[in-house]
Amino acid sequence: MQIHAALREPLRWRDSRLDSVPLVHVTPGLDGVRKAVGEAGRDMLPARPSIAAGQPTVLDPSRAPDGAAVLWIQLLETPYRPSADAAGEIDVGDGRWTPQLTEAYADRVFAQLGEQVTNLDRAMLARAVLSPADLERENPNLVHGDPYSGACTLDQFLLWRPIPPRPGHQTPVERLWHIGAATHPGPGLSGASGHIVAAHLLRRGPLERLRGLLAAR
């Protein structure tokens, strides 16, 4: 699930050191993450989801009007079709992500975020909540709302990613390379797939120029 919010002012965290951190993870700890993952794995809405709270305006204030801010929230432990609520508070109906279910779960997320932020209610202007079904509808590549192009298990990396007959980054099309979450080493904020391809191309550069000179003679 993804949530985008417009804020009147930047968030003020109870731990003020977090005011200037671009990405804050809100969780009860490792046991809390394990519990939420287990609940989502059983198709339940986690009682206390792990909240990845991005504060882009910390790095780039121009993303919002002067004095204002934006916030994005990512909830990785969200079932595609929930069968129950682990907290027993939200009626999931038949498991389809209706606007009512989507907003009810977002309310839980903001209530938990508000435990760590002193001005959340005052700062909030508007929010847009995208359920897993919304994400899949907006981008068919996000199957079941998954932004990471498939499983992140060991048998889905290196020689097996994106598919065994075509591992790595080079494609059958000459001079066309493939990077991104579908390629090794998979998703994340590191940009590692692009780095790998760039390093390979830079190593190839002098040889390609030499071949060009020889061909011209």
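**A conversation about salt bridges, pockets and a surface patch**

Modeller: A good place to begin is D94, which forms a salt bridge with R96, the closest N and O atoms being 2.7 Å apart. Please keep in mind that this is a predicted model.

Colleague: Is D94 buried, partly exposed or exposed?

Modeller: D94 counts as partly exposed, because its relative accessibility is 43%.

Colleague: How many salt bridges does the structure hold?

Modeller: The structure holds twelve salt bridges. One of them joins the side chains of R127 and E103, at 2.7 Å from N to O.

Colleague: Which parts does the pair of R127 and E103 tie together?

Modeller: R127 belongs to strand β7, residues 124-130, and E103 to helix α2, residues 99-114, so the pair ties together parts that are 24 residues apart in sequence.

Colleague: And how accessible are R127 and E103?

Modeller: R127 has a relative accessibility of 27% and therefore counts as partly exposed. E103 is partly exposed as well, with a relative accessible area of 32%.

Colleague: Which residues are joined into one network by salt bridges that share partners?

Modeller: D85, E89 and R108 are joined in that way.

Colleague: What about D31, which residue does it pair with?

Modeller: D31 forms a salt bridge with R34, and the closest N and O atoms of the two are 2.5 Å apart. Both residues lie in helix α1, where they are three residues apart, or about one turn of the helix.

Colleague: Are D31 and R34 buried or exposed?

Modeller: D31 is exposed, and R34 is exposed too.

Colleague: Let us change topic to pockets. What volume does the largest pocket have?

Modeller: The volume of the largest pocket is about 430 Å³. Its lining consists of 18 residues, and the closest to its centre are L76, G145, D146, P147 and Y148.

Colleague: How does that lining divide into nonpolar, polar and charged residues?

Modeller: In the largest pocket, ten lining residues are nonpolar, seven are polar and one is charged.

Colleague: And how much space lies in the second largest pocket?

Modeller: The second largest pocket holds about 230 Å³ of space. It is lined by 15 residues, with V33, V37, S50, L76 and E77 nearest its centre. L76 is thus named for both pockets.

Colleague: Which elements each supply at least two residues of the lining of the second largest pocket?

Modeller: Those elements are β2 (23-26), α1 (30-41) and β4 (51-54). The largest share comes from α1, which gives four residues to the lining of the second largest pocket.

Colleague: What classes of residue does that lining have?

Modeller: The lining of the second largest pocket has eight nonpolar residues, six polar ones and one charged one.

Colleague: One more topic, the surface. Which residues form a nonpolar patch there?

Modeller: The patch is formed by L158, L159 and W160, which together have about 320 Å² of accessible area.

Colleague: Where do L159 and W160 lie?

Modeller: W160 is in the loop between α4 (132-138) and β8 (162-163). L159 also lies in the loop between α4 and β8.

Colleague: Why does L159 count as exposed, and what of W160?

Modeller: L159 counts as exposed because its relative accessibility is 51%, and the cut-off for exposed is over 50%. W160 has a relative accessible area of 41%, so it is partly exposed.

Colleague: How far apart are the C-alpha atoms of L159 and T183?

Modeller: They are separated by 9.9 Å, while L159 and T183 are 24 residues apart along the chain.

Definitions and conventions: Residues are numbered from 1 along each chain as its sequence is written. This is a predicted model: local features need pLDDT of at least 70, side-chain atom pairs count only at pLDDT 80 or more; totals for chains, interfaces and linings use all residues. Side-chain values use heavy atoms; hydrogens and water are left out. Patches are made of residues with over 30% relative accessible area and no salt bridge: like charges are joined within 9 Å, nonpolar side chains (Val, Leu, Ile, Met, Phe, Trp, Tyr) within 5 Å. Accessible areas come from the Shrake-Rupley method with a 1.4 Å probe; for residues, only the protein chains shown count as cover. A salt bridge is a side-chain nitrogen of Lys or Arg within 4 Å of a carboxyl oxygen of Asp or Glu. Buried means under 20% relative accessible area, exposed over 50%, partly exposed in between (1.4 Å probe, protein chains only). On a 1 Å grid over the protein atoms alone, a cavity is a set of points where a 1.4 Å probe fits but cannot get out, and a pocket is an open set with protein on both sides within 12 Å along at least five of seven lines; lining residues have an atom within 4 Å of a point. Grid points are joined across faces, edges and corners, and a volume is the space filled by probe spheres set on the points. Ala, Val, Leu, Ile, Met, Phe, Trp, Tyr, Cys and Pro count as nonpolar, Asp, Glu, Lys and Arg as charged, and the others, Gly among them, as polar.
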